[in-house]
Amino acid sequence: MSHWDELCARAARQAIPIEVLIELTHHCNFRCRHCYIPDFAAPDLLPTGRVLDLLDELAGMGTLVLALSGGELFLRRDWREISTRARELGFDLHLFTNGSRITAGDATAIAALDATVHVSFYSRDEAAFDRFTARPGSFREVVAGLGHLRAAGVRTILKVPLMGWNLGESQAIAEWAAGLGAECRLSPFITAKKDGDTAPLALRVLQEDLVRELGGPVLGCHDEGARTGPDPDAPLCAAGSRYACITSAGDVMACNILPGADGNIRQRSFRDVWESSAWLQRIRALRPRDLPVCSSCSRLSYCGRCTAQALVEDGDLVGPSSHAQRRAELIEAASI
């Protein structure tokens with residue numbers, strides 16, 4: 001186990017929010033088909049001052065990694081002020097963006113902050129990219145933004161959600177990113193919208209296709225050592241134990257895809273919500289033994305069960321995830 005893994009495990013046991021995502025806005029200039037945001041017109045309810053105060057709170061509670069996101073982050077005019085304060089407090093700062101609004105000046109400012117930028121990217125096919133974002137010219141805007149980031153020496157990560165229509169490009173995108181000097185992270189993790197609308201799930205790659213095209217049991221991420229089973233005393237996942245998401249309305253969520261919030265930082269301190277929310281306490285208290293069906297299943301150690309998926313897609317917070325069950329079947333078949 002790495003030092004970071006040990007730190008994460010300790011933070012989860014002690015309920016220290018070492019990783020926090022703040023969605024500063026739900027507004028966006030793209031309309032990507034897989035997006036989990038249900039309402040792009042929702043007003044931004046966290047003013048700059050409250051966000052700056054929040055950063056001080058998080059620093060005092062032990063947060064180490066901070067991500068600022070949207071919608072489209074760079075639609076917030078105060079992103080530089082907020083980012084600057086975040087770095088002054090020593091956070092490992094990550095900026096999530098579609099990349100279309102990043103100018104050379106922005107890239108220079110980001111480089112001075114020593115922040116990491118994550119850019120969503122979908123295809124090397126310009127027409128297909130623009131169709132997916134529903135914004136003509138979006139491909140060229142994003143590529144230009146990437147060029148500015150790399151020219152300024154900013155650590156840049158391409159986040160590529162794999163779907164049925166772009167799976168065949170995965171290798172080409174990864175090679176193109178390497179040519180830019182950027183990292184590339186491929187992921188087949190497509191989720192429902194925050195309001196429970198499951199329409200984006202239709203974009204998912206069939207897991208059989210993942211195995212066939214990319215090799216190994218689902219992206220080759222299966223670790224044979226994981227078959228020893230999860231720690232029975234460890235939280236089910238980071239959600240609500242060492243990770244939190246704060247929406248642009250101020251709601252504190254266990255993670256950005258698990259429905260439910262039981263406190264808002266517009267009325268209360270983050271610490272008060274984090275420590276006293278009944279919903280967060282319920283999520284962070286969950287252990288493998290609390291899963292009536294899955295606790296006795298040997299597949300739990302490698303199926304990749306997601307509590308949010310189990311709740312949203314199968315209707316039961318502590319029940320099996322049909323998506324994870326299928327993944328386990330493929331892992332077993334590939335291991336024979």
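**Exercise 1. Determine whether Asp114 is buried or exposed, and describe its backbone and its place in the chain.**

Step 1. Asp114 has a relative accessible area of 56%, and it therefore counts as exposed, where buried means under 20% relative accessible area, exposed over 50%, and partly exposed in between (1.4 Å probe, protein chains only).

Step 2. This is a predicted model, in which local features need pLDDT of at least 70 and side-chain atom pairs count only at pLDDT 80 or more, while totals for chains, interfaces and linings use all residues. Residues are numbered from 1 along each chain as its sequence is written, and side-chain values use heavy atoms, with hydrogens and water left out.

Step 3. Asp114 sits in the loop between helix 4 and strand 4 (116–120), where helices (H or I, at least four residues) and strands (E, at least two) are DSSP runs numbered from the N terminus.

Step 4. The phi angle of Asp114 is near 60°, a positive value in a residue other than glycine. Most residues other than glycine have a negative phi.

**Exercise 2. Find the phi angle of Ala15 and its accessibility class.**

Step 1. Ala15 belongs to the loop between helix 1 (3–14) and strand 1 (19–23).

Step 2. Its phi is near 55°, again positive in a residue other than glycine.

Step 3. The relative accessibility of Ala15 is 22%, so Ala15 counts as partly exposed.

**Exercise 3. Describe the surroundings of Glu72, and state which two residues are joined by a cis peptide bond.**

Step 1. Both Gly71 and Glu72 lie in the loop between strand 2 and helix 3, strand 2 being residues 65–69.

Step 2. The cis peptide bond joins Gly70 and Gly71, with omega at about 15°. Most peptide bonds are trans.

Step 3. Glu72 has a relative accessible area of 0% and is therefore buried.

Step 4. When residues up to four places away in sequence are not counted, Glu72 touches Thr25, His27, Cys28, Asn29, Thr97, Asn98, Gly99 and Arg101, contact meaning heavy atoms within 4.5 Å.

Step 5. One of these partners, Thr25, is 47 residues from Glu72 in sequence, yet the two are 6.9 Å apart in space, C-alpha to C-alpha.

**Exercise 4. Work out how helix 3 is oriented relative to helix 4 and to helix 2.**

Step 1. Two packed helices are described by the angle between their axes and the distance between the axes. Axes are lines fitted to C-alpha atoms, for helices over the stretch in contact, and angles run from 0 to 180 degrees between N-to-C directions.

Step 2. Helix 3 (residues 79–88) and helix 4 (residues 104–113) pack at about 15°, with axes 10 Å apart. Helix 3 and helix 4 are therefore roughly parallel, since angles under 35 degrees count as roughly parallel, over 145 as roughly antiparallel, 65 to 115 as roughly perpendicular and the rest as oblique.

Step 3. Helix 3 passes helix 4 in a right-handed crossing, the convention being that a crossing is left-handed if the near helix is turned anticlockwise from the far one by less than a right angle, and right-handed if clockwise.

Step 4. On the helix 3 side, Trp79, Arg80, Ser83, Thr84 and Arg87 meet Gly105, Asp106, Ala109, Ile110 and Leu113 of helix 4. This contact of helix 3 with helix 4 has four nonpolar, three polar and three charged residues, with Ala, Val, Leu, Ile, Met, Phe, Trp, Tyr, Cys and Pro counted as nonpolar, Asp, Glu, Lys and Arg as charged, and the others, Gly among them, as polar.

Step 5. The axes of helix 2 (residues 48–61) and helix 3 come within 10 Å and cross at roughly 15°, so that helix 2 and helix 3 are roughly parallel, and their crossing is right-handed.

Step 6. Thr48, Val51, Leu52, Leu55 and Asp56 of helix 2 meet Glu81, Ile82, Arg85 and Ala86 of helix 3, a contact that divides into five nonpolar, one polar and three charged residues.

**Exercise 5. State how helix 5 is oriented relative to helix 6.**

Step 1. Helix 5 (residues 126–133) and helix 6 (residues 138–151) pack at an angle of about 100°, with their axes 8 Å apart. Helix 5 is therefore roughly perpendicular to helix 6.

Step 2. Glu126, Phe129, Asp130 and Thr133 in helix 5 are in contact with Ser138, Phe139, Arg140 and Val142 in helix 6.
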